[in-house]
Amino acid sequence: MKTQKNPQKIIRRMVPRSVFLRRAAYPANRHDTCGYTAACFLLLYYHRTYGGFISPEYLTSKGQLKTEGYTLQDRLIQYGTSNLSWGGSIARVLNLYFKDHAIKAKAHFRMFGFFAHRYIRNKSPIIVFGNMPAKNESRINHAVFAYGVEYQTKHPKLIVHYGWKGWERKLLEDAVIGSYVFLEVFQKDS
């Protein structure tokens with residue numbers, strides 16, 4: 001008689017307060033601005049966690065990101081050289097933004113996806129850039145906001161927000177990660 005193996009338990013680790021991220025308003029990803037859309041999510045997360053990461057001019061009265069008029073995404077794009085982005089260019093944009101707004105943080109990037117899940121396990125969301133599955137079973141070069149990780153196999157899978165309606169909580173499978181961005185936040189002076 002054969003014994004049936006127990007299915008492997010699924011373990012999910014999410015960054016704290018990740019629920020609001022799935023429901024958050026965000027500037028539209030128009031004209032290849034996905035890296036900037038993901039950067040807005042990253043800044044919103046740290047704003048809600050630490051405060052002071054987003055100027056009130058980019059927020060609604062309810063604390064959501066403005067999606068009309070001049071948005072945070074518009075401001076970030078001004079720091080860049082193109083709407084197209086990768087980990088190095090968005091880290092540079094974020095660091096210029098931090099300098100101009102006297103925010104005690106630093107953006108870093110790493111190539112490929114090695115160990116990207118460790119940041120989320122340590123309660124820090126990241127931005128992931130690469131070639132990934134998209135709508136209609138196609139593939140695109142895209143940037144997504146990663147805020148969770150699922151462990152079921154020996155290869156952890158990121159839980160991401162694509163920046164598209166209906167794609168707020170997707171398991172990133174079969175992606176080729178080219179780079180990713182994470183933040184280092186420094187303690188405020190006492």
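This is a short talk on a helix contact, the salt bridges and the cysteines in one structure.

Hi everyone, thanks for coming. Before anything else, please keep in mind that this is a predicted model.

Let's begin with two helices. Helix α2 covers residues 34-50 and helix α3 covers residues 72-79. Their axes lie 9 Å apart and make an angle of about 115°, and the crossing is right-handed. Which residues meet there? From α2 we have Tyr36, Thr37, Ala39, Cys40 and Leu43, and from α3 we have Leu72, Gln73, Leu76 and Ile77. Sorted by character, the residues of this contact are 7 nonpolar and 2 polar, with no charged ones.

Now for the charged side chains. How many salt bridges does the structure hold? There are 4, and I'll walk you through some of them.

One joins glutamate 150 to arginine 12, at 3.0 Å from N to O. The glutamate sits in strand β4, residues 139-151, and the arginine in strand β1, residues 11-14, so this pair ties together parts that are 138 residues apart in sequence. As for their surroundings, glutamate 150 is buried, at 8% relative accessible area, while arginine 12 is partly exposed, at 44%.

Another pairs arginine 75 with aspartate 100, at 3.6 Å from N to O. Here arginine 75 belongs to helix α3 and aspartate 100 to helix α4, residues 87-100, so the bridge connects parts 25 residues apart in the sequence.

Then there is aspartate 174 with arginine 139, whose closest N and O atoms are 3.2 Å apart. Aspartate 174 is in the loop between β6 and β7, and arginine 139 is in strand β4; the two are 35 residues apart, so to speak, on distant parts of the chain. Is aspartate 174 buried or exposed? It counts as exposed, with 62% relative accessibility. Arginine 139, at 36%, is partly exposed.

Last topic: cysteines. The structure holds 0 disulfides. Why is there no bond between cysteine 34 and cysteine 40? For cysteine 34, the closest cysteine sulfur is the one in cysteine 40, and at 12 Å that is too far for a bond. A disulfide here would need the sulfur atoms within 2.5 Å. Both cysteines are also shielded by the usual cut-off: cysteine 34 is buried at 12% relative accessible area, and cysteine 40 is buried at 0%. You'll remember Cys40 from earlier, as one of the α2 residues in the contact with α3.

That's my tour, and I'm happy to take questions.

Terms used. Residues are numbered from 1 along each chain as its sequence is written. This is a predicted model: local features need pLDDT of at least 70, side-chain atom pairs count only at pLDDT 80 or more; totals for chains, interfaces and linings use all residues. Side-chain values use heavy atoms; hydrogens and water are left out. Axes are lines fitted to C-alpha atoms, for helices over the stretch in contact, and angles run from 0 to 180 degrees between N-to-C directions. Helices (H or I, at least four residues) and strands (E, at least two) are DSSP runs, numbered from the N terminus. A crossing is left-handed if the near helix is turned anticlockwise from the far one by less than a right angle, and right-handed if clockwise. Contact means heavy atoms within 4.5 Å. Ala, Val, Leu, Ile, Met, Phe, Trp, Tyr, Cys and Pro count as nonpolar, Asp, Glu, Lys and Arg as charged, and the others, Gly among them, as polar. Buried means under 20% relative accessible area, exposed over 50%, partly exposed in between (1.4 Å probe, protein chains only).
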